[in-house]
Amino acid sequence: MIVITAPTGNIGHQVVDTVLAAGEPVRVIARDPARLRADVRERVEVVQGSHGDERVVARAFDGADAVFWLLPSDPRAADANEAFLGFTRPAAEAMRGLGVKRVVDVSALGRGTPQAGTAGHVTASLAMDDLIASTGVAFRALAASGFMENVLRQVQTIKERGRFFDVISPDRELRLVATRDIAAVAARLLLDATWTGQEEIPLLGPENLSYDDIAAVISEVLGTSVRYERIPAQALADRLTARGMSGAMVQSMLDMMAAKEDGLDDAIVRTPRHAIDTPTTFRQWCEEVLKPAVHASGRQP
């Protein structure tokens, strides 16, 4: 039995599809089972509720061989530790008490760097990994770089204004990975019952790109000029606050972005293996995901 959390999310639904295609029994935890595709609901066992609830994870993890753990976003949390550690603690107790054999989670780059202790969301994510590891399960932490899909949050701005924004320097090299590649690695591990021990697996994508590089690729794919503009940290804070994010979580986000600017993601030396594990290029992703999203949102810029 393979348990998959966040099965309707960007990564989770792709993990579900791949594991089901392999013919393995799947149990999912879902707050709203109606959000599952009908064909998926017919083929999985559903435990309804939050995977931060001790009663829910106790039911879901009973008899489970492997668990895919993906933390949901909680922008209104009192602080990042509550969002990451507080939410995960009941699951960690259930993993330990119910004898779960293997766990795969989605985490972040940065472990062992000078910035790791003051990197907001990333600091809390690494602490979450430590909590899961302390249960003694065989564990793989998928240390993912920035998601290509984050660009989709600015589809309207790209379409209407030919611009997108962030707080990172325009020439700062970034590592970007497609969620399809994260899901593929996660599914492969969940389907493999032979691995043991605990390990972090960095998922970097196949190339480093600055925001200026990203703007150039988007421009070429869309056939129109798209520019990146760096904004002050306070401007980002104001936007996040306006969307309802708590003050502590806003600060945690700003701390993470400052740490990335300062080299948080740079410690892992890129090797050919990273391109094998996470092969989707940003150009390919733009052609297959961003461009259709821009068209679907209205006229092309």
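Select Ala 6 to begin: it lies in the loop between strand S1 (2-5) and helix H1 (12-21). Keep in mind throughout the tour that this is a predicted model. Most residues other than glycine have a negative phi. Ala 6 is not a glycine, yet its phi is positive, at about 50 degrees.

**Zoom out to the whole chain**

Now show the whole protein as a cartoon. You will be looking at 12 helices and 12 strands. The radius of gyration is 19 Å, close to the 19 Å that the globule rule gives for 301 residues, so the chain is as compact as a globular protein of that length. Along the principal axes, the C-alpha atoms fill a box of roughly 55 × 40 × 40 Å.

Switch on the surface if you like. The accessible surface of the protein chain comes to about 13,200 Å², and 50% of that belongs to carbon and sulfur atoms. Of the 301 residues, 52% count as buried. Colouring by sequence position helps with the next point: among contacts between residues at least 6 apart in sequence, 77% join residues at least 24 apart.

**Helices H3 and H4**

Next, select residues 54-61, which form helix H3, together with residues 80-98, which form helix H4. Two packed helices are described by the angle between their axes and the distance between the axes. What are these values for H3 and H4? Their axes come within 9 Å and cross at roughly 35 degrees. The crossing of H3 past H4 is right-handed. Show the side chains where they meet: H3 brings Glu 54, Val 57, Ala 58 and Phe 61, while H4 brings Pro 90, Ala 91, Ala 94, Met 95 and Leu 98. By type, the residues of this contact divide into 8 nonpolar, no polar and 1 charged.

Stay on H3 and pick Val 56, which lies in this helix. Is Val 56 buried or exposed? Its relative accessibility is 4%, so Val 56 counts as buried. Leaving out residues up to four places away in sequence, Val 56 touches Ile 29, Val 47, Gln 48, Gly 49 and Ser 50. For a distance to try in the viewer, join the C-alpha atoms of Val 56 and Leu 70: these residues are 14 apart along the chain, and the atoms are separated by 15 Å.

**Val 137, a way back to H4**

Move to Val 137, in the loop between H5 and strand S6 (138-144). Val 137 counts as buried, at 4% relative accessibility. Apart from neighbours within four places in sequence, its contacts are Met 95, Val 100, Lys 101, Val 103, Ile 132, Gly 197 and Gln 198. Met 95 may look familiar, as it is one of the H4 residues in the contact with H3. From Val 137 to Ala 127 the separation is 10 residues in sequence and 16 Å in space, C-alpha to C-alpha.

**Leu 109 and its neighbours**

Where is Leu 109 found? Look in the loop between strand S5 (102-108) and helix H5 (121-133). At 2% relative accessibility, Leu 109 counts as buried. Display what surrounds it: beyond residues up to four places away in sequence, Leu 109 touches Val 122, Ala 143, Ala 144, Ser 145, Arg 175, Pro 202, Leu 204, Leu 264, Asp 265 and Ile 268. For a longer jump along the chain, select Val 250 as well: Leu 109 and Val 250 are 141 residues apart in sequence and 20 Å apart in space, C-alpha to C-alpha.

**Lys 260 in H10**

Asp 265 leads you onward, because Lys 260 touches Asp 265 as well as Ile 168 and Arg 172, not counting residues up to four places away in sequence. Lys 260 is found in helix H10 (residues 247-261). Its relative accessible area is 19%, and buried means under 20%, so Lys 260 is buried.

**Last stop: Val 226**

Finish at Val 226, in the loop between helix H8 (211-222) and strand S12 (227-230). Val 226 counts as buried, with a relative accessibility of 4%. Which residues does Val 226 touch, not counting those up to four places away in sequence? They are Ile 158, Gly 162, Arg 163, Phe 164, Ala 215, Ile 218 and Ser 219. As a final distance, draw a line between the C-alpha atoms of Val 226 and Asp 212: the two residues are 14 apart along the chain, with 9.7 Å separating these atoms.

How values were computed: Residues are numbered from 1 along each chain as its sequence is written. This is a predicted model: local features need pLDDT of at least 70, side-chain atom pairs count only at pLDDT 80 or more; totals for chains, interfaces and linings use all residues. Side-chain values use heavy atoms; hydrogens and water are left out. Axes are lines fitted to C-alpha atoms, for helices over the stretch in contact, and angles run from 0 to 180 degrees between N-to-C directions. Helices (H or I, at least four residues) and strands (E, at least two) are DSSP runs, numbered from the N terminus. A crossing is left-handed if the near helix is turned anticlockwise from the far one by less than a right angle, and right-handed if clockwise. Contact means heavy atoms within 4.5 Å. Ala, Val, Leu, Ile, Met, Phe, Trp, Tyr, Cys and Pro count as nonpolar, Asp, Glu, Lys and Arg as charged, and the others, Gly among them, as polar. The radius of gyration is taken over C-alpha atoms; the globule rule is 2.2 Å times the number of residues to the power 0.38. Buried means under 20% relative accessible area, exposed over 50%, partly exposed in between (1.4 Å probe, protein chains only). Accessible areas come from the Shrake-Rupley method with a 1.4 Å probe; for residues, only the protein chains shown count as cover.
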